[in-house]
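Colleague: Please take one part of this model and go through it closely for me. I would like to hear about the aromatic pairs, the pocket beside them and the charged contacts around it.

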Amino acid sequence: WDVRTAGKGSCVMQWDVHTDYVADLSCDGAGRTLLSSSGDCSLCAYDLRRAGTPRGTPSYRRSDDLEDELLSLAVIKDGHKVVCGTAEGALAIFTWNDWDDAAD
C-alpha cells in the first residue's frame with residue numbers, strides 16, 4: 001500500500017512468501033527493509049529498494065523453519081539484531097542480513 005494514494009485501492013508491492021498468517025511487521029530505521037514474522041515459523045526480510053525490479057534477484061530473504069510460530073518481532077541493538085517472540089515463549093535472535101537461522 002501507499003498511504004499517499006489512500007482510497008484509490010492501489011497495491012504498490014506484493015509478495016506471496018509466507019504459507020501461513022503474517023503475525024507482525026517492522027521496518028528498519030532507513031525504511032529500506034521490511035521484516036515479517038509468521039505462523040509458518042519463518043522470518044522474511046524484504047528489500048524495498050528492489051521490490052519493483054522485474055525478473056531480478058528475489059527482493060526477499062526467508063529464514064529457515066524455526067519449528068515454532070513467530071508471533072512478534074523488533075529491531076534491536078541499533079539495527080544489528082532482530083528479536084522474534086515464539087508461541088512457546090522463547091526468543092529467537094537474528095543478526096542483521098543473516099536471515100537463514102536464528103543466531104542466539
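**Aromatic pairs, pocket and salt bridges**

Modeller: This is a predicted model, and it holds two aromatic pairs. In one of them, Tyr-46 and Tyr-60 have ring centres 6.4 Å apart and planes at 50 degrees, so the pair is tilted. The two tyrosines come from distant parts of the chain, with Tyr-46 in strand 3 (residues 43-47) and Tyr-60 in strand 4 (residues 60-62), 14 residues apart. Tyr-46 has a relative accessibility of 6% and therefore counts as buried. Tyr-60 is at 34%, which makes it partly exposed. The other pair is Trp-96 with Trp-99, and its geometry is edge-to-face: the centres are 5.0 Å apart and the planes make an angle of 75 degrees. Trp-99 has a relative accessibility of 2%, so it counts as buried.

Trp-99 also leads to the second largest pocket. This pocket holds about 180 Å³ of space. Twelve residues line it, and those closest to its centre are Ala-45, Asp-47, Arg-61, Asn-97 and Trp-99. Strand 3 and strand 4 each supply at least two residues of the lining; strand 3 gives the most, with three. By type, the lining divides into six nonpolar, three polar and three charged residues.

Two of the residues named at the pocket centre, Asp-47 and Arg-61, also take part in salt bridges. The count of salt bridges comes to three. Asp-47 pairs with Arg-49, the closest N and O atoms being 3.3 Å apart. The two partners differ in burial: Asp-47 is buried, with a relative accessible area of 16%, whereas Arg-49 is exposed, at 58%. Arg-61 meets Asp-100 through their side chains, at 3.2 Å from N to O. That contact links distant parts of the chain, since Asp-100 sits in the segment after strand 7 (91-95) and Arg-61 in strand 4, 39 residues apart. Both ends are partly exposed: the relative accessible area of Asp-100 is 36%, and Arg-61 has a relative accessibility of 38%.

The remaining bridge also involves strand 4. The side chains of Arg-62 and Asp-40 meet at 2.9 Å, N to O. Arg-62 lies in strand 4 and Asp-40 in the loop between strand 2 and strand 3, so this salt bridge ties together parts that are 22 residues apart in sequence. Arg-62, at 32% relative accessibility, counts as partly exposed, while Asp-40, at 10%, counts as buried.

The loop that carries Asp-40 has a backbone detail as well. Most residues other than glycine have a negative phi. Cys-41 is not a glycine, yet it has a positive phi of about 70 degrees. Cys-41 lies in the loop between strand 2 and strand 3 and is buried, with a relative accessible area of 13%. Lys-77 offers a comparison: its phi is near 55 degrees, again positive in a residue other than glycine. Lys-77 is placed in the loop between strand 5 (70-76) and strand 6 (81-86), and it is exposed, with a relative accessible area of 60%.

Strand 2 (residues 33-38) runs antiparallel to strand 1 (residues 22-27), and five bridges join them. Among the bridge partners are Ser-26 and Leu-35, the latter in strand 2. The hairpin of these strands has five residues between them, and Gly-31 there takes a positive phi near 75 degrees.

Note on methods:
Residues are numbered from 1 along each chain as its sequence is written. This is a predicted model: local features need pLDDT of at least 70, side-chain atom pairs count only at pLDDT 80 or more; totals for chains, interfaces and linings use all residues. Side-chain values use heavy atoms; hydrogens and water are left out. Two strands pair if DSSP finds at least two bridges between them. Helices (H or I, at least four residues) and strands (E, at least two) are DSSP runs, numbered from the N terminus. Rings of Phe, Tyr and Trp (its six-membered ring) pair if their centres lie within 6.5 Å; planes under 30 degrees apart count as stacked, over 60 as edge-to-face and the rest as tilted. Buried means under 20% relative accessible area, exposed over 50%, partly exposed in between (1.4 Å probe, protein chains only). On a 1 Å grid over the protein atoms alone, a cavity is a set of points where a 1.4 Å probe fits but cannot get out, and a pocket is an open set with protein on both sides within 12 Å along at least five of seven lines; lining residues have an atom within 4 Å of a point. Grid points are joined across faces, edges and corners, and a volume is the space filled by probe spheres set on the points. Ala, Val, Leu, Ile, Met, Phe, Trp, Tyr, Cys and Pro count as nonpolar, Asp, Glu, Lys and Arg as charged, and the others, Gly among them, as polar. A salt bridge is a side-chain nitrogen of Lys or Arg within 4 Å of a carboxyl oxygen of Asp or Glu.
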